[in-house]
Amino acid sequence: MSTSDGFSFNITYPNLSAGLSFCTAIVVAIQLCCLVFYILVMELLQAQRALTLRNFFTPANTLLFASLVSLLAMTLLNGFYSLGTTPLLEALIQFCLGTIELCYTFFSAERSQLIVTTLFPSRLKLFKSTISLAPAIYYAQVIPPILHMFLDSDEAANLYKGANKWHVICYTFNALAGIFLILVDTALLAAFLHFIFKARKGGFRADPQLDKVAWYGVYASAACYVTFLVFGAAFLGGGGSWRDSSEESVGLRRVVMTLAICMIDIVLMTLFGMKVAVNRLERYGVKMNTAAAAQNEFVGATATTANTTAITAHSFAVDACDSGRRTIEPSKAMEM
């Protein structure tokens with residue numbers, strides 16, 4: 001692009017990727033502040049709970065907080081990585097990515113455990129065993145960049161360019177982690193849909209909170225599928241051959257990768273929405289239970305008062321009757 005005074009500048013793929021990354025980082029930082037504010041005000045102060053680390057960092061809050069912090073770090077690192085590639089930056093990005101994937105998997109598994117237990121009690125053990133493999137699979141993505149650090153400069157310079165064995169190994173680890181995440185997410189999506197359809201058909205009376213978890217789980221899974229497709233496009237070359245090591249192709253892959261990172265934020269915000277919706281139902285349920293208890297107490301007190309009044313009136317009538325009898329009987333005795 002150029003201006004009338006002769007000043008010109010170019011929007012290159014690295015600059016576009018870096019700018020998009022830093023803008024996303026600002027958005028994620030604001031979302032992180034919103035999460036902290038929501039926990040402090042809505043979950044602690046309004047609920048009149050003690051302001052302690054234990055109450056703040058509940059399992060769900062810890063997973064969501066860690067995932068947003070990791071996404072913030074990942075967006076910043078990706079911005080610097082777009083301007084200059086180093087193995088250390090790549091290792092840190094992969095570590096943040098693994099942490100986000102792990103938090104997403106654990107958060108979804110924790111929220112959906114009751115649904116899985118309700119629908120598939122015999123498969124709960126298999127579900128937990130599968131989830132336990134997640135840390136090893138996700139953090140294995142850090143291995144190729146770490147190996148990259150120990151290569152000589154000539155081989156390291158071409159590690160992520162062209163079709164060499166390290167390039168294949170790196171993308172293979174990413175692909176395995178992505179496939180594992182999609183398989184777990186597909187199983188959860190099947191459970192969510194089965195729960196929703198069964199509840200709609202009257203198979204059982206669904207708890208409102210579980211219904212919200214199921215619906216938001218479907219939304220998060222849909223966003224996760226789109227994110228996986230965008231990551232796949234980045235791995236496959238961003239519209240070109242992944243074997244193409246030209247500057248334009250590498251830059252385009254970086255832009256598509258940055259878009260995939262932005263999609264992660266949508267997934268995490270869906271989980272945040274799930275948390276807000278479930279907590280709102282919890283507060284509404286507490287208010288309804290309190291109102292019902294107060295109403296029952298009022299009705300009970302009114303009934304008790306009415307019963308007491310009736311008993312008092314009955315006792316007064318009996319006493320009056322007895323008093324009349326005591327007054328009449330002596331006169332009869334005198335007549336006799």
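Is F22 buried, partly exposed or exposed? With a relative accessibility of 29%, F22 counts as partly exposed, because buried means under 20% and exposed means over 50%. The model in which this residue is described is a predicted one.

## Overall organisation

The protein contains 11 helices and 0 strands. Read from the N terminus, its elements therefore follow the order α-α-α-α-α-α-α-α-α-α-α. The chain has 336 residues, of which 39% are buried.

The accessible surface amounts to about 18,900 Å², and carbon and sulfur atoms account for 68% of that area. When contacts between residues at least 6 apart in sequence are considered, 74% of them join residues at least 24 apart.

## Aromatic pairs

The protein has 8 aromatic pairs. One of them is formed by F22 and F80: the ring centres lie 5.4 Å apart and the planes stand at 65°, so this pair is edge-to-face, a class that begins over 60 degrees. The two residues come from distant parts of the chain, with F22 in helix α1 (residues 13-45) and F80 in helix α3 (residues 59-83), and 58 residues separate them.

A further edge-to-face pair joins Y216 and Y219, whose ring centres are 5.7 Å apart and whose planes meet at 75°. Y216 and Y219 are 3 residues apart in helix α10, so about one helical turn separates them. Y216 counts as partly exposed because its relative accessibility is 23%, and Y219 is likewise partly exposed, at 44%. Elsewhere, ring pairs link F56, F57 and F65 into a cluster.

## The internal cavity

How many cavities of 30 Å³ or more are there? The count is 1, and the space in the largest cavity is about 50 Å³. The residues that line the largest cavity are Y104, S108, D185, F192, G217, A220, S221, L271 and M274. By character, this lining divides into 5 nonpolar, 3 polar and 1 charged residue.

Which helices each supply at least two residues of this lining? They are α4 (87-119), α9 (165-200), α10 (208-235) and α11 (247-335). The largest share, 3 residues, comes from α10.

## S221 and W215 in helix α10

S221 is located in helix α10 and is one of the residues lining the largest cavity. Its relative accessibility is 1%, so S221 counts as buried under the 20% limit. Apart from its neighbours within four places in sequence, S221 is in contact with Y104, D185 and L189. Of these partners, Y104 and D185 are also among the residues lining the largest cavity.

W215 also belongs to helix α10, but W215 is partly exposed, with a relative accessible area of 31%. Residues up to four places away in sequence aside, W215 touches I196 and R200. The C-alpha atoms of W215 and L189 are 9.6 Å apart in space, while the two residues are 26 residues apart in sequence. L189 has been named above as a contact of S221.

## V278 in helix α11

V278 is found in helix α11. Is V278 buried or exposed? At 2% relative accessibility, it counts as buried.

Which residues are in contact with V278, leaving aside its neighbours within four places in sequence? They are R111, Q209, K212 and V213. The C-alpha atoms of V278 and P208 are separated by 8.5 Å, although these residues are 70 residues apart along the chain.

## Y171 in helix α9

Helix α9 contains Y171. Its relative accessibility of 18% falls under the 20% limit, so Y171 counts as buried. The C-alpha atoms of Y171 and Q141 are separated by 8.7 Å, and the two residues are 30 residues apart along the chain.

Methods:
Residues are numbered from 1 along each chain as its sequence is written. This is a predicted model: local features need pLDDT of at least 70, side-chain atom pairs count only at pLDDT 80 or more; totals for chains, interfaces and linings use all residues. Side-chain values use heavy atoms; hydrogens and water are left out. On a 1 Å grid over the protein atoms alone, a cavity is a set of points where a 1.4 Å probe fits but cannot get out, and a pocket is an open set with protein on both sides within 12 Å along at least five of seven lines; lining residues have an atom within 4 Å of a point. Grid points are joined across faces, edges and corners, and a volume is the space filled by probe spheres set on the points. Helices (H or I, at least four residues) and strands (E, at least two) are DSSP runs, numbered from the N terminus. Ala, Val, Leu, Ile, Met, Phe, Trp, Tyr, Cys and Pro count as nonpolar, Asp, Glu, Lys and Arg as charged, and the others, Gly among them, as polar. Buried means under 20% relative accessible area, exposed over 50%, partly exposed in between (1.4 Å probe, protein chains only). Contact means heavy atoms within 4.5 Å. Accessible areas come from the Shrake-Rupley method with a 1.4 Å probe; for residues, only the protein chains shown count as cover. Rings of Phe, Tyr and Trp (its six-membered ring) pair if their centres lie within 6.5 Å; planes under 30 degrees apart count as stacked, over 60 as edge-to-face and the rest as tilted.
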